[in-house]
Amino acid sequence: MTRSRFFFNSSVIRQNLRQHGWIGIIYTLGLMFFLPLQMFLSGNPNAEPEKAESLFGIGGDMQVFFIATLPVVAGLFLFRFLQSKPSSDLWHSLPLRREHLLAAHAWSGLILLLLPVWLTAAVTAIVAPLDGNMYIYQGAEVWEWCLTVTILTLFLFVFTAFVGICTGQTILQGVVVYILLVLPSALLMLTGMHLNRYLYGYSGGYNDEYRMVNWSPVLQIVRLSNAYDKVSTGEKWIYFVITLLVVMLSFVLYRKRHSEKAGQAIAFTYFNPLFKAGVMFCTMLVSVSYFGNVKPQQTGWLIGGCIAGALIGYVVAEMIIRKTWQIMTRRVFADFAAYTILLGLLLYVPVTGITGYESRVPAADKVTAAYAGSNFWMLTEPGQGPMEVQNRPYEEKEVFNEDKSYIEAVRKLHQALVTVRPGEEERSLGNSIGSREFSFAYQLKNGRQLLRSYWIPSAGFEPELKAIMENKEFKRNEYMLSRLGDNVESLRISNKNKAISISDPQEVKEFKEILKREILSMSYEDQLDNRVSKASIQTIGKPDERGYQLYYGYEWKPSYHELEGWLAEKGYADKIRTQAQDVESAEIIKDGYIDKLDAASRNNIERYFDLARSEGLAAVTKDKKIIGDILGKERYYSGRTGEYVIKMKYKYGEVTYISLRKQDLTPAIKSLLP
């Protein structure tokens with residue numbers, strides 16, 4: 001009995017290994033098959049070995065499936081004795097202190113789970129130099145894989161054991177484990193949707209989805225199959241610290257757990273209110289998000305949806321806690337009302353004006369630098385994946401503008417927005433010309449940042465927008481001029497079925513400098529101009545060490561006269577521009593048929609032409625002069641009543657729809673109108 005006093009009880013561990021050893025065998029076989037064995041299973045025996053960016057990418061999703069499930073399975077089976085009354089009575093009748101019993105089961109699980117991980121890592125390192133291995137990797141990649149899987153396995157197993165101590169049913173334990181592992185990301189997503197819909201100016205962030213995934217261990221493990229998603233060193237330390245805290249909390253709670261709680265849903269009654277509130281809050285968030293989406297701006301539906309979600313959550317939680325559908329008591333209505341009111345306030349208060357969030361504009365003397373534009377998150381957040389910039393293209397001090405006049409211009413626009421508060425009507429017309437979403441970011445003297453995001457309609461804020469959008473630093477950030485750096489190797493300019501490439505280093509350099517000047521010299525009106533671009537410009541970056549190239553896009557706008565002259569001088573312009581002889585015919589009508597069509601047909605532009613033809617109000621021309629006039633004035637299709645819609649049919653078969661305004665009509669075009 002001397003050894004039973006220690007936390008490593010060999011008798012208990014041997015019993016667990018005999019009874020649950022199959023878990024370790026399956027984990028070993030799975031990891032072996034989907035990592036080292038997969039390195040030799042290539043469909044093409046003549047294929048050249050490829051560099052492995054991450055060992056998690058080998059074996060596809062099945063490798064991460066084993067990592068995300070087997071530790072949880074081990075926790076369910078090893079701590080099954082807590083959920084079954086006969087097993088619980090048997091184990092707790094042994095002359096062992098509870099902390100020794102818990103430690104012995106924990107050691108059993110670690111032996112079953114960590115040995116397969118370490119064995120797989122060793123085999124993977126041994127087979128690295130062997131012929132037939134279709135992947136090239138170093139010891140650092142093996143160590144990274146081994147350390148990451150070890151920490152994640154420890155975390156999942158310990159967390160499952162902790163949930164098992166707090167619950168009394170194995171099935172519920174498994175369900176709760178994965179719910180809790182996904183819950184942080186789900187709550188962040190639902191809360192973000194709620195705030196974005198009802199809190200004016202709420203700025204969720206460009207990489208919200210990526211950051212939310214990192215809050216869920218399961219989702220983060222699943223994303224490891226993408227070679228460019230890794231668990232950072234800081235995240236490993238967080239998992240390790242949380243694992244230690246969960247272990248300590250497990251020992252504390254296990255000493256207080258009554259063995260007769262086996263079979264009950266929740267082992268500790270003081271967790272019942274928290275469980276009930278958590279379930280109700282989640283169902284209320286889902287319900288409010290749903291009704292807010294299908295019935296926006298309708299308060300009655302929102303309140304009804306909130307109450308319905310609360311009712312569903314309350315009933316489900318009560319049925320789980322009581323293990324019966326008969327939950328009606330005299331206190332149930334008062335209990336439900338209290339929870340609903342408190343949780344309803346938790347949802348309502350943050351989106352009201354009580355906090356001052358919606359109307360807050362920082363004072364000028366508290367701001368050191370400001371940013372306004374649509375690319376804040378792209379400029380300040382690292383990209384993900386091989387085709388994205390892995391490091392920030394700018395430092396934040398370059399993204400923010402310290403010019404006092406610019407800061408004041410940003411504040412004026414911000415103040416105008418929070419005063420006028422353009423409503424959902426303007427946002428529903430967000431595709432209208434000039435409408436845009438702006439992020440506002442302030443660097444404050446106290447070191448903090450203030451972030452807001454607003455949808456700015458096309459009319460009503462012209463003076464404030466002009467003061468910002470004609471600033472050169474705004475244009476550098478908004479049009480991402482950092483992408484026109486020395487890393488550009490060549491250019492591709494395309495327009496419909498025409499394309500050219502420019503690879504001469506001198507010409508590439510000249511083109512980039514001219515394009516920068518054109519962008520920096522654009523007026524406010526040029527930036528809002530909806531005339532059709534003459535061509536698309538694609539920059540092609542130099543290959544990096546992995547062979548990947550970065551591609552970025554710009555437009556050849558009608559206002560770029562210097563660029564047009566340079567392209568004409570080099571003989572490129574006529575090879576790209578759409579000429580009148582490229583067009584077979586042009587058919588013109590006056591837009592005004594939207595009210596004559598049902599909702600299902602309003603996005604079908606051809607139906608507009610059918611109605612115009614039936615009324616004799618459509619005109620077709622093949623005259624090259626008129627077509628040339630149209631090409632010189634063409635605008636992107638806007639769908640605005642009163643403008644003119646032209647159906648352009650090209651000789652190579654493509655059909656496009658463009659718009660003309662009344663002031664765009666030349667005498668020749670006017671003579672064509674019926």
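# Notebook: a walk through the predicted model

**Leu187.** I began with Leu187, whose place is in helix α6, and I kept in mind throughout that the model I was reading is a predicted one. I looked up how open Leu187 is, and with a relative accessible area of 24% it is partly exposed, since buried would mean under 20%. I then asked which residues Leu187 touches once its neighbours within four places in sequence are left aside. I found it in contact with Phe281, Cys282 and Leu285. I also checked Leu187 against Val149, and noted that 38 residues separate the two in sequence while their C-alpha atoms lie 26 Å apart in space.

**Helix α6 and helix α2.** Staying with α6, which runs over residues 170-198, I looked up how it packs with α2, residues 61-78, and found an angle of about 145° with the axes 10 Å apart. The crossing of these two helices is right-handed. On the α2 side I wrote down Ala68, Thr69, Val72, Gly75 and Leu76, which meet Thr170, Gln173, Gly174, Val177 and Tyr178 of α6. Sorted by class, this contact of α2 with α6 holds five nonpolar residues, five polar ones and no charged ones.

**Arg80.** Following the chain out of α2, I came to Arg80, which is found in the loop between α2 and α3 (85-92). Is Arg80 buried, partly exposed or exposed? I read a relative accessibility of 38%, so Arg80 counts as partly exposed. I compared its position with that of Leu224, and recorded a separation of 144 residues in sequence and of 30 Å in space, taken from C-alpha to C-alpha.

**The protein as a whole.** I stepped back here to take in the overall picture, and noted 25 helices and 14 strands in the secondary structure of the protein. The C-alpha trace spans about 105 × 75 × 60 Å along its principal axes. The protein has 674 residues, of which 49% count as buried. I also looked up how contacts are spread along the sequence, and among those between residues at least 6 apart, 76% join residues at least 24 apart.

**Positive phi values.** I went looking for backbone angles of this kind because most residues other than glycine have a negative phi. Arg421, which is not a glycine, has a positive phi near 50°, and its place is in the loop between α15 (404-420) and α16 (424-428). At 39% relative accessibility, Arg421 counts as partly exposed. Met480 is not a glycine either, and its phi is positive at about 50°. I located Met480 in the loop between α18 (472-478) and β6, and its relative accessibility of 6% makes it count as buried.

**Helix α21.** Which residues of α21, the helix of residues 561-569, are buried? I listed Leu563, Glu564, Trp566 and Leu567. Looking down the axis of α21, I saw that these buried residues fall within an arc of 160°, so they line one face of the helix. On the face turned away from that buried side I found the exposed residues His561 and Glu569. I next looked up what the buried residues of α21 pack against, and the elements are β6 (488-495), β7 (498-502), α19 (505-520), β8 (535-541), β9 (551-556) and α22 (573-576). Just after α21 I noted Gly571, which takes a positive phi of about 85°.

**Asn530.** I went back along the chain to Asn530, which is found in the loop between α20 (524-528) and β8. Asn530 counts as buried, because its relative accessibility is 5%. What joins the side chain of Asn530 to that of Arg635? I found a polar contact of 2.8 Å between the two side chains.

**Helix α24.** My last entry concerns α24, residues 624-633, where Ile626, Ile627, Asp629, Ile630 and Leu631 are buried. The elements that cover these buried residues include β10 (583-590), β11 (619-621), β13 (644-650), β14 (655-660) and α25 (667-672). At the start of α24, I noted that a side-chain oxygen of Asp623 reaches to within 2.9 Å of the backbone nitrogen of Lys625.

Definitions and conventions:
Residues are numbered from 1 along each chain as its sequence is written. This is a predicted model: local features need pLDDT of at least 70, side-chain atom pairs count only at pLDDT 80 or more; totals for chains, interfaces and linings use all residues. Side-chain values use heavy atoms; hydrogens and water are left out. Buried means under 20% relative accessible area, exposed over 50%, partly exposed in between (1.4 Å probe, protein chains only). Helices (H or I, at least four residues) and strands (E, at least two) are DSSP runs, numbered from the N terminus. The arc is that of the directions from the helix axis to the C-beta atoms. Contact means heavy atoms within 4.5 Å. Axes are lines fitted to C-alpha atoms, for helices over the stretch in contact, and angles run from 0 to 180 degrees between N-to-C directions. A crossing is left-handed if the near helix is turned anticlockwise from the far one by less than a right angle, and right-handed if clockwise. Ala, Val, Leu, Ile, Met, Phe, Trp, Tyr, Cys and Pro count as nonpolar, Asp, Glu, Lys and Arg as charged, and the others, Gly among them, as polar. A polar contact is a pair of N or O atoms within 3.5 Å; within protein, one must be able to donate a hydrogen and the other to accept it, and residues adjacent in sequence count only if both atoms are side-chain atoms.
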